[in-house]
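Visitor: I would like to learn how to read a model of this kind, feature by feature. Could you take me through it, with the general idea before each case?

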Amino acid sequence: VVIYGGILLNSNVYFAGVNKSCAVPPLPEDRPPRAIISSSRNKGVVKDFCISLAEHNLIHPDPLNVSGAGEKSLRLIVGTEQESLWFFPRAGTSRWDVAASDALLRALGGKLTDQYGEDLDYGRPRQESENTDGIVASNDAKLHAECIRLFREQSISNGALVEDTRVGENKK
């Protein structure tokens with residue numbers, strides 16, 4: 001597969017501007033999958049929840065810090081380093097940056113939603129399409145569902161529920 005420019009993840013997939021030095025050795029298959037998180041936004045709720053997921057033996061305790069929605073998406077699709085979850089329950093990732101990834105992940109048995117487990121609406125006009133509810137994506141629909149469930153459960157029990165910014169009929 002060729003996706004514009006440089007080598008990605010020691011595989012036969014190529015991605016602009018990335019070289020082999022970004023790759024880490026793959027985990028043995030008997031180890032939990034890895035989360036991928038933003039290298040620039042890897043603190044707070046993201047870091048704390050990844051620790052919690054590792055304590056539940058759902059992911060490896062050391063997430064991979066990765067820049068850009070495109071590379072995160074490709075890592076979930078290719079999975080050469082056992083990447084299986086992208087967790088970012090905050091505003092900041094454009095719907096348009098993940099639309100193609102959403103389709104590919106679903107075709108592979110995965111899922112991409114907002115932090116509430118709701119599908120993203122790509123039919124909105126561009127002026128109304130700001131993504132305020134984050135991204136939770138996985139190449140494993142069961143891991144995705146468990147991540148959404150645990151995030152909701154822990155947020156409620158900690159009294160720190162991430163503010164629900166949905167309106168009207170989209171709010172449940």
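Guide: What follows goes from the overall fold to a helix, a core, a buried histidine, a group of charged side chains and two backbone angles. Please keep in mind throughout that this is a predicted model.

Visitor: Let us begin with the fold; how many helices and strands does the protein have, and in what order do the elements run from the N terminus?

Guide: The protein has 4 helices and 8 strands, and from the N terminus on these run β-β-β-β-α-β-α-β-α-β-β-α. Among contacts with a separation of 6 or more, 67% join residues 24 or more positions apart. Buried residues make up 41% of the 172 residues, while the accessible surface comes to about 9200 Å², of which 51% belongs to carbon and sulfur atoms.

Visitor: Turning to a single helix, what span should the 12 residues of H1 have, and what is the distance between its end C-alpha atoms?

Guide: The expected span of a helix is 1.5 Å times one less than its number of residues. Helix H1, residues 44-55, should therefore span 16 Å, and its end C-alpha atoms are 17 Å apart, which agrees.

Visitor: Which residues of H1 are buried, and against which elements do they pack?

Guide: A general point helps here: an α-helix has 3.6 residues a turn, so residues three or four places apart point the same way. In this helix the buried residues are Val 46, Phe 49, Cys 50, Ser 52, Leu 53 and Ala 54. The buried residues of H1 pack against strand S4 (34-38), strand S6 (83-88) and helix H4 (141-157).

Visitor: How should I read the nonpolar core, and which residues of the largest one touch the most other members?

Guide: In soluble globular proteins, nonpolar side chains tend to be buried together. The largest nonpolar core here has 29 residues, of which Leu 85, Trp 86 and Phe 87 touch the most other members. At least two residues of this core come from each of S4, H1, S5, H2, S6, helix H3 (95-107), strand S8 (135-138) and H4.

Visitor: Which residues does Trp 86 touch, leaving aside those up to four places away in sequence?

Guide: With that exclusion, Trp 86 touches Ile 36, Ala 69, Lys 72, Ser 73, Leu 76, Thr 93, Val 98, Ile 135, Val 136 and Ala 137.

Visitor: Is His 144 buried or exposed, and with which side chain does the side chain of His 144 make a polar contact?

Guide: The cut-off to apply is that buried means under 20% relative accessible area. His 144, which has its place in helix H4, is buried with a relative accessible area of 3%. Its side chain makes a polar contact with the side chain of Thr 113, at 2.9 Å. Not counting residues up to four places away in sequence, His 144 touches Lys 111, Leu 112, Thr 113, Val 136, Ala 137 and Ser 138, and two of these, Val 136 and Ala 137, are also touched by Trp 86.

Visitor: Let us move on to the charged side chains; which residues are linked in a network of salt bridges?

Guide: The count of salt bridges comes to 8, and the network links Glu 71, Arg 75, Glu 81 and Glu 83. Arg 75 forms a salt bridge with Glu 71, the closest N and O atoms being 3.0 Å apart. Because Arg 75 and Glu 71 are 4 residues apart in helix H2, they are separated by about one helical turn. Arg 75 also meets Glu 83 in a salt bridge at 3.0 Å, N to O, and Glu 81 in another at 3.7 Å, N to O.

Visitor: Are these four residues buried or exposed?

Guide: Arg 75 counts as buried at 3% relative accessibility. Glu 71 is buried with a relative accessible area of 10%, Glu 81 is buried with 2%, and Glu 83 is buried as well.

Visitor: Finally, where does Asn 57 lie, and where is Gln 82 found?

Guide: The feature to read in both is the backbone angle phi. Asn 57 has a positive phi of about 60 degrees although it is not a glycine; it follows H1 and lies in the loop between H1 and strand S5 (64-66). Gln 82 likewise has a positive phi of about 60 degrees without being a glycine, and it is found in the loop between helix H2 (69-78) and S6. In accessibility, Asn 57 is exposed at 62%, whereas Gln 82 counts as buried at 18%.

Key: Residues numbered from 1 in each chain as written. Predicted model: local features only at pLDDT ≥ 70, side-chain atom pairs only at ≥ 80, totals over all residues. Heavy atoms only, no water. Buried < 20%, exposed > 50% of the residue type's maximum accessible area, 1.4 Å probe, protein only. Contact = heavy atoms within 4.5 Å. Core = buried A, V, L, I, M, F, W, Y, C linked by side-chain atoms within 4.5 Å. Polar contact = N/O pair within 3.5 Å; in protein donor to acceptor, adjacent residues only side chain to side chain. Areas by Shrake-Rupley, 256 points an atom, 1.4 Å probe, with all protein chains shown as cover. Salt bridge = Lys/Arg side-chain N within 4 Å of Asp/Glu carboxyl O.
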